[in-house]
Amino acid sequence: MAQLSVLTNEPRPEPAPERAADEVQRAFARLQQGFANERYPSLRTRLDRLTRLERALQRSSDDIVAALDADFRGRSRVESLMIALLLPILSLRHTRRRLSTWMKPEKVNPAWYLRPSSARIVRQPKGVVGVIAPWNYPVMLSVGPMIDALAAGNRVLLKPSELTPRIAEVLAAMLRETFAADEVAVVTGGVDVARAVSTLPLDHLVVTGSTRVGREVAMAAAPNLTPLTLELGGKSPAVVHESYSIERAAVRIGVARLFNAGQTCIAPDYAIVPHAKEQAFVDAYLRFVEKGFGDLATSRDYTAIATERHRDKLEEMLRDAEAKGARVVRADPRGTLAKRQPRMAPALVLDPKPGMLVMEEEIFGPILPVLTVASVEEAIAHINARPRPLAAYYFDDDAARAQDFVQRTHAGGVTLNDAALHFFNDELPFGGVGPSGMGAYHGFTGFKTFSHEKGVYQPGPSARLLRQPFPAVVEQALLALIHGGRSRRRR
Ligand code: NAD
């Protein structure tokens with residue numbers, strides 16, 4: 001059973017595990033009360049919350065980097081600064097700059113037959129938003145949804161991943177110092193705590209995790225009809241057209257695959273290259289690993305695999321691929337990575353076949369299968385025959401072919417001629433499709449996700465035509481409108 005702590009302004013004793021659900025319930029009740037006291041926070045209040053969050057991240061930056069390093073058993077400092085700190089801070093600044101515009105009621109055209117009248121969309125906070133976060137980017141994927149939810153005027157209940165306990169504690173302490181317990185609460189602990197959160201009658205729940213967990217959460221949320229945003233995973237392909245520089249593609253795919261040692265939901269999960277370019281791709285990828293990281297055992301830019309269980313699973317994927325006839329090329333030219341180190345050498349899997357674990361499951365590590373095809377058509381057919389991924393990447397300088405790829409394949413998002421970078425743009429919605437997720441957030445999309453878009457209508461004098469007894473002219477007008485102004489006999 002998991003341990004749980006709920007944060008309030010006063011230090012609290014650690015509750016007995018069996019009280020986990022009660023404690024989650026109490027934290028939720030406080031947030032609900034907070035929301036009931038302030039159902040439409042002013043721009044000023046929301047900006048203040050966002051500013052406090054930014055200062056908190058700045059204040060805690062050293063603790064965050066250190067906790068990530070400890071939880072990951074060695075994590076690139078630059079990656080931590082970039083993703084755990086800079087990205088949320090840039091999102092906070094983007095949101096603060098635009099919030100007054102987003103909050104304005106949006107005027108829309110009233111139906112022509114009811115003019116003059118007025119119609120507008122009022123975006124109203126939903127209430128208490130739950131955030132269940134994963135371990136791979138534990139700060140960004142906790143704070144990111146929180147930014148959008150707070151901007152939209154909500155209260156937030158966060159459950160960080162149990163697999164990164166030190167960062168969970170740093171986040172919990174940071175948010176306790178920054179927010180009142182009825183503004184933002186953090187519940188830490190194991191899967192039972194996450195389950196307790198998913199069964200609450202939340203006003204919205206955003207979950208970032210695996211497709212399996214997404215399904216379980218959807219079932220747990222069903223009795224309350226809790227609105228869900230599910231940010232899940234999948235196997236994101238990277239397709240290289242024969243006309244595109246294979247060296248450039250290999251480097252860009254390698255950068256995204258090996259960032260955070262591949263523990264990235266939008267990393268390219270496998271590459272699809274023309275038959276004739278396979279060897280050139282392998283050579284360029286290996287050169288990139290050598291140039292990018294040098295000695296993998298000591299490189300400051302290479303991250304470890306977060307847990308022994310995940311590392312074992314990745315090794316099993318490689319053994320399974322080899323046993324089923326694939327060629328595995330390990331990119332550890334200096335051979336410095338001993339088998340049981342928390343770091344794992346990047347590997348390419350050549351001649352991958354359906355049925356191999358590397359082609360059936362999301363890899364989530366520094367392994368890249370390389371599939372070869374005769375044409376982009378074959379690549380598109382391969383992608384469309386499989387579950388819809390979180391992202392897809394296409395390398396081609398021909399804009400018309402790139403557009404065709406975007407239109408004829410399904411994926412949560414796309415980066416062209418590079419990988420993963422669509423995530424960094426707050427003007428773009430971010431989310432999956434089908435088994436890779438539902439709903440989206442980031443920027444204005446996130447503001448809308450965590451708002452109820454309320455249609456508000458104020459009729460003018462013509463509305464009297466819709467009241468009984470209907471004037472005789474109404475029937476004639478209806479017939480004329482239904483038949484497009486032509487007489488029925490002439491039709
Ligand atoms: P996970 O699915 O194991 O766990 C995610 C969170 O869900 C954790 O906080 C966990 O406590 C909680 N959880 C587990 N079981 C639950 C249940 N039954 N009910 C409610 N909550 C439950 O995911 P993970 O291993 O932490 O992360 C890896 C997965 O997340 C990968 O599939 C990856 O692609 C995906 N991911 C997606 C995104 C995205 O933005 N779409 C980002 C990062 C990771």
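In this predicted model, D351 counts as partly exposed, because its relative accessibility is 29%, a value that lies between the limits of 20% for buried and 50% for exposed. D351 sits in the loop between strand 12 (347-350) and helix 12 (357-360), and its phi is near 55°, which is a positive value in a residue other than glycine. Most residues other than glycine have a negative phi, and most peptide bonds are trans.

A positive phi, of about 60°, is also found at N417, again not a glycine, and this residue belongs to the loop between strand 15 (413-416) and strand 16 (437-438). N417 is buried, because its relative accessible area of 17% falls under the limit of 20%.

The peptide bonds listed below are cis.

| Cis peptide bond | Omega | Place of the proline |
|---|---|---|
| R115 and P116 | about -5° | P116: loop between strand 2 and strand 3 |
| Q468 and P469 | about -5° | P469: loop between strand 17 and helix 16 (472-482) |

The strands named in the table also take part in a sheet, which is open, has three strands in the order 2-3-17, and is paired in the antiparallel sense. Its edge strands are strand 2 (106-108) and strand 17 (451-458), each of which pairs on one side only, and neighbouring strands of this sheet are turned by 30° against each other on average, with direction ignored. Between strand 2 and strand 3 (residues 118-125), the antiparallel pairing runs over three bridges, and the bridge partner of E106 in strand 3 is I121.

Terms used:
Residues numbered from 1 in each chain as written. Predicted model: local features only at pLDDT ≥ 70, side-chain atom pairs only at ≥ 80, totals over all residues. Heavy atoms only, no water. Pairing = 2+ DSSP bridges. Helix = DSSP H or I, 4+ residues; strand = E, 2+ residues; numbered from the N terminus. Axes fitted to C-alpha atoms, helices over the stretch in contact; angles between N-to-C directions. Buried < 20%, exposed > 50% of the residue type's maximum accessible area, 1.4 Å probe, protein only.
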